[in-house]
Amino acid sequence: MSAIAGRLAESGAPVRLKLVQTPGALESADLFASGKVDLAVVRGDVGDLSQARAVAVLAHAVVLLVAPPRTAISDVTELKRSTIGVIGGDANRKLIKVLTDEYDLTRAGVTFKALAPADARRALDAKDVRAILLVTPLTEKYLSLLRDLFPHNARTGPALIAVESAGAIAEKERAYESFNVPKGTLRGSPATPAEDLTTLRTSFYLVAQEKLGADLMGDLAQSVMNARRDLLAELPMLAQIAAPDTAADAFVPVHPGAAGFYDGTRESFLDKWGNAIFLAPMIAGGLASVLAAAWKYIRPVKPQTREEALDALYALGPRIRVTRHASDLDEIECEIDRLLRTQRSRAIAGDRTVTAVNIAAHRLENLIHDRRVHLAAQQVSTFGS
């Protein structure tokens, strides 16, 4: 994870990681379950992963039961009345329980003793333990450490003990799967194991809190896979990084954002915002029209200037001359009265425009009078005919 975090920073990835070191998988799972970290590297069979959502599988870890050279034990059922040393005892409590229940090891007199890696060789030499139980990736780095725990020479090496009931265990405990360790994995000549060996396997996951955004987790999944590609030559172990199970019933459900990346269903920027981009100008234009129309009615009415008032009076003359109803003349008189009241309230002594307005109004009143006489004469003429 340190290498991946460094690569994300160097490449300008959209996601950056701040690492919090922990002693092991159990402590990482506890920090994650308590909500103190957003992401964690966890082992599938360790801690509370009920809220975990997988972003990537980082590595597979294989359950190995290793005994000193020339040990004539081939299966767990042959470990009666034995003490088994466990490297990483706290992290492997579930594994111990699974094996104990499946093989009834309590009745068989089998006990387990937690060991630090540095104490494993001494415990074997002193015959305090008959075999060592550990969970490790099958990469050269870790296999070389395992070989150093046991005395060996050109003819002999450590013996591996099978877990023949791995398939039955995996059906009951989804954190595990049955796995065959390939022939010669631990040693090539003579081959150890001599044939493919059945045991259990679990996985290390990069998990995220479900509350983290889909876009963010999609970017993280893509960035991790890009970092894997860039660092693979330098760190061959990164070849184990893979997409998690995206099925709905996966043991550790995949985060929706990461699933979108792996399934190729992530929405692009245009997919997500295309409709909004297309509709926004139309909506904005419609709102502008509505606001303009509303402003026309709600804005304060600006009083007419003297010149505008005079023009308005002049415009009434042609209307008076063509009016055919006395009621229309009444409306025109009301308009003249309103205009005169407004202008007189703003009158300034000596303003010639006010005088012109009054003269125009007087002339209009004469036109109205003449038009009334004309309309009345027309009405009498009509009745006479």
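This is a short dialogue on how to read several features of a predicted model.

Reader: Let's begin with the strands. Which strands pair with strand 3, and in which sense?

Author: Strand 3, residues 83–87, pairs in the parallel sense with strand 4, residues 111–115, over five bridges. Strand 3 also runs parallel to strand 5, residues 131–136, and three bridges join these two. To find your place on the screen, look for threonine 83, which stands opposite threonine 111 of strand 4. For strand 5, look for glycine 85, whose bridge partner there is isoleucine 132.

Reader: And how many residues of strand 3 are buried?

Author: A general idea helps here: in a regular strand, side chains alternate between the two faces of the sheet. In this model, four of the five residues of strand 3 are buried, so the strand is mostly covered.

Reader: What unit do strand 3, helix 3 and strand 4 make?

Author: They make a right-handed β-α-β unit, with helix 3 spanning residues 93–103.

Reader: Now a helix. Which residues of helix 2 are buried, and where do they fall around the axis?

Author: In helix 2, residues 25–33, the buried ones are Ala25, Leu26, Ser28, Ala29 and Phe32. Viewed down the helix axis, these residues fall within an arc of 160°, so they line one face of helix 2. Their cover includes strand 1 (39–43), strand 2 (52–67), helix 3 and strand 8 (197–209). Helix 2 is followed by glycine 35, which has a positive phi near 80°.

Reader: How should I read the nonpolar core?

Author: As a general idea, nonpolar side chains in soluble globular proteins tend to be buried together. Here the largest nonpolar core has 34 residues, and those touching the most other members are Leu65, Leu79, Leu95, Leu99, Leu133 and Leu200. At least two core residues come from each of helix 2, strand 2, strand 3, helix 3, strand 5, strand 6 (159–161), helix 6 and strand 8.

Reader: Leaving aside neighbours within four places in sequence, which residues are in contact with leucine 95?

Author: With those neighbours left aside, leucine 95 is in contact with Asp45, Val63, Leu133, Val135, Tyr176 and Leu200. You can try the same reading on threonine 100, which is found in helix 3. Threonine 100 has a relative accessible area of 15%, so it counts as buried. Apart from its neighbours within four places, threonine 100 is in contact with Leu105, Thr106 and Phe112.

Reader: How many salt bridges does a search of the whole structure find?

Author: Side chains of opposite charge can pair when their charged atoms come close. The search finds 13 salt bridges in the whole structure. One of them joins aspartate 45 to arginine 43, with the closest N and O atoms 2.6 Å apart. Both aspartate 45 and arginine 43 are buried.

Reader: What about lysine 172 and glutamate 102: which parts does their pair tie together?

Author: Their side chains meet in a salt bridge at 2.7 Å, N to O. Lysine 172 lies in helix 6 (residues 166–172) and glutamate 102 in helix 3, so the pair ties together parts that are 70 residues apart in sequence. Lysine 172 is exposed, at 56% relative accessibility, whereas glutamate 102 is partly exposed, at 24%.

Reader: Which residues do salt bridges with shared partners join into one network?

Author: Start with aspartate 230 and arginine 229, whose side chains meet at 3.0 Å, N to O. Salt bridges that share partners join Arg7, Glu10, Arg229 and Asp230 into one network.

Reader: Finally, how do I read the unusual backbone angles?

Author: Most residues other than glycine have a negative phi, and most peptide bonds are trans. In this model, arginine 81 is not a glycine, yet its phi is positive, about 55°. Arginine 81 is found in the loop between strand 2 and strand 3 and is exposed, with a relative accessible area of 69%. Aspartate 104 also has a positive phi, about 50°; this residue lies in the loop between helix 3 and strand 4. At 38% relative accessibility, aspartate 104 is partly exposed.

Reader: And which peptide bond is cis?

Author: The bond from threonine 192 to proline 193 is cis, with omega near 0°. You will find proline 193 in the loop between strand 7 (177–181) and strand 8.

Conventions. Residues numbered from 1 in each chain as written. Heavy atoms only, no water. Buried < 20%, exposed > 50% of the residue type's maximum accessible area, 1.4 Å probe, protein only. Pairing = 2+ DSSP bridges. Right-handed = clockwise from strand over helix to strand, strands pointing away. Arc of directions from axis to C-beta. Contact = heavy atoms within 4.5 Å. Salt bridge = Lys/Arg side-chain N within 4 Å of Asp/Glu carboxyl O. Core = buried A, V, L, I, M, F, W, Y, C linked by side-chain atoms within 4.5 Å.
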